[in-house]
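Subject: Structure handover

Hi,

Here is the structure I promised to pass on. My notes follow below it.

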Amino acid sequence: AALHTYGVVYGGVKNQYMTFSIIIPTLNRAYILEKALESIYNQTGHHDLEILVVDDGSTDNTKELLAHHPKVTYISQTHAGLSAARNTGLAHAHGEWIVYLDTDNELYPEYFKTVTEALQCNPGTLYAMVRAYKTKELYTDGQLVRVLEDKENNLQAVTVEELYLKLVHFDVNGFLHKRSILGSLIRWDEHLERQEDTEFFMQLAEQYPHGFLYIPTPLLHYHMRFGTDSILSQSS
């Protein structure tokens, strides 16, 4: 797919274009996938992006659904797990920056505008974590019955050391890194079924301890879903 670019104008001066590839792994999530995609389409300003949806062996109507989304590059693979799907996305990505988003979460409209400005103000950044607005949601028989705001880790400042030592929870949603820093060695560990995102972050932190940036502006809605097909439900 052709790679598009995202640019922002501040103070009447056009800043340097940055290119982004958004990797969305999915497995039988057609019923919720469009909400995540709409959050990308609805970005403030010029937001032509490379959107890669990696279908990890779905048996629902995911392929048919995405046929109606011409902005999306659809990639199908035999079921191999979440990490394998993200690695497949990396293999197909062309953007300077890689952004991760799961199907049950949404970016806020100002995500790319804010991230672009933050990266331009911090040119040494190699990877960055954004603040999320988190809600705990209880589902019964497919219906949402209770929502509570989760204020844990809604911090104004986070260091790479705190994340590495697991003093602060790391989540990959909204996380971004330069594609070039992965080289041929850093990849998602396809043998892990849990905490694969923390392990991936540790690889980056060990290799680039001074390249981390935390962006304290809430830039996505993170849904902690219980009683559904989410990982949280399966592990509770």
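The charged end of lysine 71 sits over the ring of tyrosine 41, 5.2 Å from the ring centre. Arginine 86 does likewise with tryptophan 188: its charged end lies over that ring, 4.6 Å from the centre. Bear in mind that this is a predicted model.

Tryptophan 188 also takes part in an aromatic pair, covered below.

Aromatic pairs

Searching the whole structure gives 12 aromatic pairs. Take tyrosine 100 and phenylalanine 200. Their ring centres are 6.1 Å apart and their planes meet at 75°, so this pair counts as edge-to-face. It links distant parts of the chain. Tyrosine 100 belongs to strand β6 (residues 97-100), phenylalanine 200 to helix α6 (residues 196-207), and 100 residues separate them. Are these two residues buried or exposed? Both tyrosine 100 and phenylalanine 200 are buried.

Phenylalanine 200 has a second partner in tryptophan 188. Here the rings are stacked, with 4.2 Å from centre to centre and 5° between the planes. Tryptophan 188 sits in the loop between β10 (176-178) and α6, 12 residues from phenylalanine 200. Tryptophan 188 is buried too.

Elsewhere, one aromatic cluster is made up of Tyr127, Phe170, Phe175, Phe201 and Phe212.

Strand β3

Strand β3 spans residues 20-26, and 7 of its 7 residues are buried. Side chains in a regular strand alternate between the two faces of the sheet. Which residues of β3 lie on each side? Phe20, Ile22, Ile24 and Thr26 are on one, and Ser21, Ile23 and Pro25 are on the other. Both faces are covered.

β3 runs parallel to β6, joined by 4 bridges. Isoleucine 23 stands opposite tyrosine 100 there, the tyrosine that pairs with phenylalanine 200. β3 also pairs with strand β4 (residues 50-55), again in the parallel sense, over 6 bridges. In that pairing, isoleucine 22 is opposite isoleucine 51.

Confidence

The average pLDDT is 86, and 80% of the residues score at least 70. Over residues 1-14 the pLDDT is below 50, yet the model gives this stretch 40 contacts beyond near neighbours in sequence. Residues 232-236 also stay under 50, with 11 contacts beyond four places in sequence. Where pLDDT is low, predicted coordinates should not be read in detail.

Best wishes

Notes
Residues are numbered from 1 along each chain as its sequence is written. Side-chain values use heavy atoms; hydrogens and water are left out. Rings of Phe, Tyr and Trp (its six-membered ring) pair if their centres lie within 6.5 Å; planes under 30 degrees apart count as stacked, over 60 as edge-to-face and the rest as tilted. Helices (H or I, at least four residues) and strands (E, at least two) are DSSP runs, numbered from the N terminus. Buried means under 20% relative accessible area, exposed over 50%, partly exposed in between (1.4 Å probe, protein chains only). A charge sits over a ring if NZ of Lys or CZ of Arg is within 6 Å of the ring centre and within 35 degrees of the ring normal. pLDDT is the predictor's confidence in each residue, from 0 to 100. Contact means heavy atoms within 4.5 Å. Two strands pair if DSSP finds at least two bridges between them.
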